[in-house]
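Q: Could you walk me through this structure a piece at a time? I am new to this, so please keep the answers plain.

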Amino acid sequence: MDHNEYTQSPLLASSLKLMENTFLQQLVSCLPMGAMVVNTEARILFVNDSLTDILGYSATELLGADIDFLLPDELRSNHKHLMSQYFSQPRKRQMGAGQALHAKRKDGVLIPIEIGLNPIEQDNQTLVLATLVDLTYRLRANSMFQRSIQDAPHGVLVIDEKGIIRVTNSMLCECFGYQPEELLNQPLDLLLPERYRHHHGDLRHSFHQNPMPRMMGVGRDLTALHKDGREFPVEIGLSPFEDEHNNNMVFVSLLDITKRKRMEQELREINTNLEEFTYVASHDLRSPLRGIADLLEWVKEDLGPDALPEVSNNLDRIDIRIQRMEQLIDNLLTYARAGKKDAITQQIDINALLDNVFELLEIPEGMHLERDIQITHFISTWVPLETVMRNLISNAIKHHDTKVGNILIRCVVENNFCHFSICDDGPGIPAAAHERIFRLFQTITASERGGTGIGLSVSRRLVESHGGRISVEANQHQRGVTFHVWWPRYLRKDNHD
């Protein structure tokens with residue numbers, strides 16, 4: 001580019017003289033976007049600092065140059081004709097409305113821009129003030145916004161003030177059974193059950209009168225309308241915002257909670273059945289059993305000390321079976337109640353908790369209990385955790401097959417949990433029974449008449465109802481098994497409400 005060649009043009013020299021107007025220079029320099037003044041020959045007469053920053057040229061490189069060199073190559077051939085048309089009827093306007101415009105930076109990179117044209121009359125000459133806005137960051141932000149909508153793991157809609165759907169994503173279309181083109185530019189009422197549509201316009205108007213982020217229909221059972229005509233339960237969040245044209249829009253997040261509602265219903269039914277079972281076990285079973293026990297005592301009294309040995313033996317066997325039945329009912333009630341969360345939380349001293357456990361256990365002389373406690377305090381519920389530890393440690397002692405043995409109780413921090421492990425060197429548990437032993441009334445072998453099969457099932461209910469998990473595995477380098485318990489070491493609303 002030969003700058004001297006450009007300045008030899010009489011029209012350019014005259015135009016440059018016009019730009020000696022100090023006020024005009026100051027005005028252009030103060031504009032908050034890139035700006036340049038161009039004459040009818042498409043020569044650049046003045047640029048501000050914002051424009052040089054956007055394009056990467058110095059002011060010296062731009063002044064007097066033909067504006068065409070800032071255009072993409074494919075647009076240069078027709079640009080002079082367009083400039084001539086504009087100067088024949090100069091007026092204030094946006095250039096390329098609805099089109100993607102680009103300018104070429106000094107490094108050859110094309111950047112998206114927005115251009116405004118403003119004619120200036122000075123000393124019988126027409127100049128044009130061209131303002132230029134770099135849209136790179138705006139388009140990048142808009143692209144991120146679009147991607148965040150499309151990649152959202154829940155349904156998303158963008159609704160305008162008239163209730164027309166302007167943007168949607170694949171998750172929402174999947175929820176409702178529509179294709180995107182079936183929803184775009186359609187009224188939101190399409191997705192509402194018929195009984196909601198009459199009042200929805202008033203509700204939408206009320207929201208726009210006082211727009212603020214909120215959950216929709218708190219405390220209500222909201223439903224949406226699938227394409228097939230069926231309704232399904234939803235949770236909806238509303239977030240108002242203004243788009244780049246200052247239009248009032250609403251960002252709608254929608255979650256299909258059908259599975260959750262179904263699970264909640266199943267859980268309610270399970271809890272209801274369990275409560276009914278608890279009532280039957282504590283009243284309808286225990287009462288007649290006590291009646292049978294009383295009758296048995298009366299029979300013994302009637303027979304007196306002279307009863308035949310065979311009769312007395314049979315009566316004693318009946319008495320034993322009544323006691324076992326009462327113990328079975330007590331175990332069932334214990335298991336049912338184990339699923340209820342203990343709401344009383346306190347500071348847990350693990351060593352103190354284990355001291356309590358050991359005091360209530362009968363520990364044989366040859367059984368050595370060792371501790372490796374690497375976390376000493378956390379906040380949780382004392383009684384359920386103590387019950388679990390007592391069941392597991394007592395099982396390790398009771399089922400040991402020798403008079404001498406070792407049990408190691410460890411506790412370490414593992415992410416959000418206290419990881420307890422109870423490792424013994426007893427006879428072990430067959431791998432096939434690792435899951436079965438946690439079920440109600442299950443024992444390791446059929447010969448274990450003394451066991452009730454309730455301890456491990458109660459332990460699992462207590463652990464899981466308080467947000468933890470429990471498992472067992474065979475030891476790798478010695479006899480025996482290790483029981484693992486992961487117990488939450490932080491209070492959570494879903495476990496400690």
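Q: Which residue lies over the face of tryptophan 486?
A: In this model, which is a predicted one, arginine 469 lies over the face of tryptophan 486, and the distance to the ring centre is 4.2 Å.

Q: And what sits over the ring of tyrosine 196?
A: That is the charged end of arginine 195, which is found 4.8 Å from the centre of the ring of tyrosine 196.

Q: OK, now the helix α10: where does it bend, and by how much?
A: Helix α10 covers residues 194–209, and it bends by about 45 degrees at histidine 200.

Q: Which residues of α10 are buried?
A: His200, Phe207 and His208 are buried in α10, so the residue at which the helix bends is itself among the buried ones.

Q: What do those buried residues pack against?
A: The buried residues of α10 pack against four strands, namely β7 (155–160), β9 (214–216), β11 (231–242) and β12 (248–256).

Q: Where is leucine 190, then?
A: Leucine 190 is placed in the loop between α9 (180–183) and α10.

Q: Is leucine 190 buried or exposed?
A: Neither word quite fits, because leucine 190 has a relative accessibility of 29% and therefore counts as partly exposed.

Q: What does leucine 190 touch?
A: Leaving aside residues up to four places away in sequence, leucine 190 touches Tyr178, Glu182, Leu183, Arg197 and Leu225. As for histidine 226, which is 36 residues apart from leucine 190 along the chain, the C-alpha atoms of the two are separated by 9.3 Å.

Q: Changing topic, how many aromatic pairs are there?
A: A search of the whole structure finds six aromatic pairs. One of them joins tyrosine 86 and phenylalanine 87, whose rings are edge-to-face, with 5.8 Å centre to centre and 75 degrees between the planes.

Q: Why are two values given for a pair?
A: A pair of aromatic rings is described by both the distance of the centres and the angle of the planes.

Q: Are tyrosine 86 and phenylalanine 87 buried or exposed?
A: Tyrosine 86 is buried, because its relative accessible area is 5% and the limit for buried is under 20%. Phenylalanine 87 is buried as well, with a relative accessible area of 14%.

Q: Which residues form an aromatic cluster?
A: Phe145, Phe241 and Phe251 form one aromatic cluster.

Q: What is the order of the strands in the open sheet of five?
A: The order in that open sheet is β14-β16-β17-β19-β18, and the pairing is mixed. β14 (367–373) and β18 (469–474) are at the edges, and each has a single partner strand, so one side of each has no neighbour in the sheet. From one strand to the next, the twist averages 15 degrees.

Q: In which sense do β14 and β16 pair, and what about β16 and β17?
A: β14 and β16 pair in the parallel sense over seven bridges, whereas β16 (residues 405–414) and β17 (residues 417–424) pair in the antiparallel sense over eight bridges.

Q: Which residues are bridge partners of isoleucine 407?
A: Isoleucine 407 in β16 is the bridge partner of leucine 369, and in β17 its bridge partner is aspartate 424.

Q: What is there between β16 and β17 in the hairpin?
A: The hairpin has two residues between the strands, and asparagine 415 takes a positive phi near 55 degrees there.

Q: Which helix lies across β14, β16 and β17?
A: Helix α13 (residues 350–359) lies across them, and it runs at about 165 degrees to β14.

Terms used. Residues are numbered from 1 along each chain as its sequence is written. This is a predicted model: local features need pLDDT of at least 70, side-chain atom pairs count only at pLDDT 80 or more; totals for chains, interfaces and linings use all residues. Side-chain values use heavy atoms; hydrogens and water are left out. The bend at a residue is the angle between axes fitted to the seven residues ending there and the seven starting there. Buried means under 20% relative accessible area, exposed over 50%, partly exposed in between (1.4 Å probe, protein chains only). Contact means heavy atoms within 4.5 Å. Rings of Phe, Tyr and Trp (its six-membered ring) pair if their centres lie within 6.5 Å; planes under 30 degrees apart count as stacked, over 60 as edge-to-face and the rest as tilted. A charge sits over a ring if NZ of Lys or CZ of Arg is within 6 Å of the ring centre and within 35 degrees of the ring normal. Two strands pair if DSSP finds at least two bridges between them. Axes are lines fitted to C-alpha atoms, for helices over the stretch in contact, and angles run from 0 to 180 degrees between N-to-C directions.
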